[in-house]
Amino acid sequence: MRTGVFVCWCGLNIGGVVDVPRVVEEISHYPGVARAVDYRYMCSDPGQQLIKDVIREERLDSVVIAACSPGMHEATFQSVAASAGVNPYRCEIANIREQCSWPHQNEPGEATRKAIELIQAAIEKVRGDEALSALSIPVTRRALIIGAGIAGMQAALDIAEAGHEVVLVERLPHIGGHMAQLSETFPTLDCSQCILTPKTSEVGRHPRIKLLTNSEVESISGYVGNFTVRIRRKATYVNWDLCTGCGLCTEKCPSRASSTFERGLVKEPAISIAFPQAVPHKPVISAEACGHFTKGKCGVCEKVCPVGAIDYQQQDALFEEKVGAIVVATGYDLHPKAKVGEYGYGVYPDVIDGLEFERLNSASGPTQGQIRRPSDGKVPKEVVFIQCVGSRDQENGYPYCSKICCMYTAKHARLYKHKVSDGQPYVFYMDIRAGGKGYEEFVQHATEEEGVLYLRGRVARVFQDGDALVVFGVDTLSGKKVEIRADMVVLATAIVPASGAKELARVLKTATDQYGFFSEAHPKLRPVESLTRGIYIAGCAQAPKDIPDTVTQAGSAAAKVLALFSAERLSHSPAVAAVDEELCSGCGVCVEACAYDARTLDTRRRVAVVNDVLCEGCGACAVACPNGATRQKNASRSQVFSMIDAVVG
Amino acid sequence: MNSCPELLRPCWQGFFRADEDEWRGVTASLPPDGGQGLRERRMRYPYFPGCTLRAKARGFESSALASAGALGVQLDELPNWQCCGATFPLQADNSFSLVSPARTLASARKMGERLVTLCSACYNVLKRTNHVMRTDADRRDKVNAFIEEDYRGDLEVVHFLEVLRDDIGFDALARSVKVPLGGLAAAPYYGCLLLRPADELAFDDPEAPHILEDFLSALGCRAVDHPYKIECCGSYVALEPGDLASGPSRMVVESARTRGAQVIITSCPLCQYNLDISQQGARGHSGVGVPVVYFTQLLAIALGLSEDVLGFEGHVISPGPLLRSIGAMGSEATA
Amino acid sequence: MRLTRDVVSGENRRKLRDISGEEVASCYQCGKCSAGCAMTGMMDLLPHQVIRLVQLGHIEEAAASRTIWLCASCLACSARCPRGVSLPNVMESLRVTLLRPGERHLDPAGLPAEVLENAPEQALVAGLRKYT
């Protein structure tokens, strides 16, 4: 074996702690090492050239790079090795930064010793590495998008416009997401529906978008380029193929249900279309409210429907779709009402949340766009807006900032002033976070031109006193406790992941953060890729964000999907599990151990087999195998033992 | 607000109109070779003295007029002027306080296109009033109606320092110096009125002015830079009981003194008073006082003019000993 | 402190705006004015706190502050204000809400002889215009 060892200083990141010259000196005497060299930045062009030169000069057959995490630069150094004639799977990384110099900054002597041991272990591993070739897998050029809010719609349109088919799955009966509920949008105050409907109707009629509303993803199998998705289309009790959306059923329906779209501010017929611009423009029966289902009596809609579209017997439908990439765009919900007791949220009808205010302000909303408070329809003259309700509150809510509330609260206060010119809006805030094009100016306009009074501080309590809501707050700028008798209170409640996000993440075998937002592969450099290859994220599914950022991220996710679809075939790591069929007894323990459905039993031959492209090379099956029939390529038992020896021996 | 109380009557008594004799008297005091070379291109400007220069800051004016003469500049006192008001009125709904300075401006315009001032406050008030008359049609009409003029702000209000810089030039000034001040460490003090508001006054860089430094260099002084040169001295808060303005003034003096200043120069009588009187109690502490003089007094010394024009009087910290020690003043000078 | 729309955006605020020509709502309370004010050592409220009270509509409380009499109109604050608020104008407007009805902050007859003797005329004229 002729191994070259390349030790990187990473500037002072490694070199400031680890005694690199000493490491090089020690390692150069280790068995099998043809040469050990160091360089200030091994990932730089001269660093890479150094590796190539040494490979050629020393006729190396394997290399060990002692540097940062393989997540950062393994691919870089593998391709450097390959370009100089060394099999890329005989290139090993010893992580002496994240696993050595960074955590042991205060113990340079020990860090140096550990660096030497880590490198020795990597040399032992590379000694046993086989020369492998990357696996090649086909790509299904068809995308699944989960969620048809502005993020999902944008990604769907971008991918479909590029010529690929898209399956767009939406849980609700209509598309458009929360943006369809908004009245106006910051910082331009253009009407949300006006800028949204061109997109919803384009999605609705696009020949390459297969729109599945009232549907949910049940399960997913497969891997990048080759996913199989099972989708449940929930019963609507209306045959949408026949329905013309005439609305007669809605007019005649005698039962009432609380309107989800109107955030419970009004009741709607048990068979209804959520809003006038809904796509698809077809009604759904709420089985919980419908007289036919609850009492077994009513059948009015069936009678009045001119085309016979009502179908009380309709069942959920299950079907499968094959796709090569998935975009998760499941959006957000708001912090639950029950958790904000001190403000009487959910108790006092005139304490509402931001989305409810949007509906009050919307021309198609329950008050036709007039600001009237829910309890008695009176026009409120003193309105208190409270920011950071649940946000930035790690004790009672979430430690994170919900990002959009500063802006939409400023928008709400301004819209309120536009409609109630003699009214006084007050905004309680902790900080105003208005980073974005035209955002700070938008907020300043609220204070300077529109008479919105900003009060720096949180509100402690809101309680009803006769006709008024008494707000106990503080203005820390003047150092004074503030009391306001308000007619209405609007809470900027925290943005939380959409319900079911964590369950969906489990189905997708990808990760969420502690709150349930989908985790990106790298916060800066791979912000739209999930931790699972072939699955991308867009919009508030990842973290709270506003419409411009959401649209940007959706476009970016679409670009990633299109890049994936641009290849004929994908390559897959060959460092996967393999079975020695002589030793395999077909017990099936490996099948149970596999988290990726990569292990199956060949019942005819009574041996276990590996589906190479599904295998992620985690090694769980090799560990579980009772008789050593399964081995992990380039992480064999003997390799692992000699690595351990190199460290502890 | 708009009253000139009985109490102040004595201060008006100092006002008089400088006639030709007076002017000749000043120029006559020049040394035989004073300002030679500059006399050929003699400049004449209308000039506004203001109240204080005719009462408690006589030395400011006499040193300035004599120096101007030596440098070939004739400052013709306005035949008919009245108090500028001493502070620019900050009320948007009341133009009454603009009447007096506007009348002065209108009468100056009939004499020429520029009006020269010495006192920082007069400069500030007249220039700001002029700005209103130039840019605010509403208030201009009101004021013009009252003073029965049609003045449109087309006069240029300049400070004597600007005349020195722009018309004479600091290089020419340096060449006219007869008594080089031998590296006297002098700290410029701008205060507020010369610099702010910068967009209206456009006098110098409001945060890093240098006209006084350039002036001092021309005289052969070492200009001592210090951070408080543009801070407020306390201004008219000096009238408040309890010595309230002395705090800020002391900071200014200390900022100059600890950086080695032997003398502080100013162009504002109120700054001069505040900085000087703030050292009354402090003399004992620091052991050393820093005299505060008008820039024109150093100018007159450097030009070798008669000590009679210096007019040092009423100083808490007398500049006499310092100036004598560097040979800039004779032993019997009044100080 | 009770806030209502009459307090926050009522007649008092409008009157002050007319006198000062300034819209204090522009102020975002960064405090740069107070940071650069030469007179803060003797003030009971910092300049930005006076502005805050005006924003809240508590004009009387602002006018009761010593601060408004200590402002020397040096304009160091307004020269650096990122929101273009001329605080000296606001201070003056607060002073005149008291002076116009006839209040005198300073009694000229009570000025000490040594002040009358030594202070420059400029100080007397300016001071009496600001304080009476």
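How are α3(B) and α14(B) oriented to each other: oblique, roughly parallel or roughly antiparallel? Their axes cross at roughly 45° and come within 8 Å, and an angle that is neither under 35 degrees, nor over 145, nor from 65 to 115 counts as oblique, so α3(B) and α14(B) are oblique to each other. Keep in mind that this is a predicted model.

**Helix packing**

Let's stay with that pair for a moment. Helix α3 of chain B covers residues 58-70, and helix α14 of chain B covers residues 295-302. On the α3(B) side, the contact is made by Gly59(B), Phe60(B), Ser63(B), Ala64(B) and Ser67(B), while α14(B) brings in Phe295(B), Thr296(B), Gln297(B), Leu299(B) and Ala300(B). The handedness of this crossing is left.

Chain A has a helix pair to set beside it. Helix α6 (residues 108-128) and helix α19 (residues 637-648) of chain A pack with their axes 8 Å apart, at an angle of about 155°. Angles over 145 degrees count as roughly antiparallel, so that is the label for α6(A) and α19(A). From α6(A), the residues in the contact are Glu117(A), Gln120(A), Ala121(A), Glu124(A), Lys125(A) and Gly128(A); from α19(A), they are Gln639(A), Ser642(A), Met643(A), Ala646(A) and Val647(A). Here the crossing is right-handed.

**Strands in chain A**

Strand β12 (residues 226-233) of chain A has a partner in strand β11 (residues 215-223) of chain A, antiparallel over 8 bridges. Within that pairing, Val217(A) sits opposite Ile231(A) of β12(A). The two strands make a hairpin with 2 residues between them, and Gly225(A) in the turn has a positive phi of about 85°. β12(A) also runs antiparallel to strand β17 (residues 317-323) of chain A, joined to it by 7 bridges. There, Thr228(A) has Lys322(A) in β17(A) as its bridge partner.

**A few single residues**

Three residues from chains B and C are worth clicking on; here is where they sit and how accessible they are.

| Residue | Location | Relative accessible area |
|---|---|---|
| Ser120(B) | helix α5 (residues 120-135) of chain B | 1%, buried |
| Asp171(B) | helix α8 (residues 170-176) of chain B | 61%, exposed |
| Gly10(C) | loop between α1 (5-9) and α2 (11-20) of chain C | 18%, buried |

What is Ser120(B) in contact with, leaving aside its neighbours within four places in sequence? The list is His159(B), Leu193(B), Leu194(B), Ser267(B) and Cys268(B). Ser120(B) counts as buried because its relative accessible area of 1% is under 20%.

Asp171(B) is exposed, as its 61% is over the 50% cut-off. From Asp171(B) to Arg134(B) there are 37 residues in sequence, and the C-alpha to C-alpha separation is 33 Å.

Gly10(C), at 18%, is also under the 20% limit, so it goes down as buried. Its C-alpha atom is 38 Å from that of Gln122(C), a residue 112 places away along the chain.

**Domains and chains**

The domain assignment splits chain C into domain 1 (5-101) and domain 2 (106-132). Taken over C-alpha atoms, the centres of these two domains of chain C are 24 Å apart.

As for the assembly, which chains share the most contacts? Of the 2 pairs of chains in contact, that is chains B and C. Chains A and B, on the other hand, do not touch, with 19 Å between their nearest C-alpha atoms.

Conventions:
Residues numbered from 1 in each chain as written. Chains lettered and ligands numbered in written order. Predicted model: local features only at pLDDT ≥ 70, side-chain atom pairs only at ≥ 80, totals over all residues. Heavy atoms only, no water. Helix = DSSP H or I, 4+ residues; strand = E, 2+ residues; numbered from the N terminus. Buried < 20%, exposed > 50% of the residue type's maximum accessible area, 1.4 Å probe, protein only. Contact = heavy atoms within 4.5 Å. Pairing = 2+ DSSP bridges. Domains from an automatic or database assignment. Axes fitted to C-alpha atoms, helices over the stretch in contact; angles between N-to-C directions. Left-handed = near helix turned anticlockwise from the far one by under 90°.
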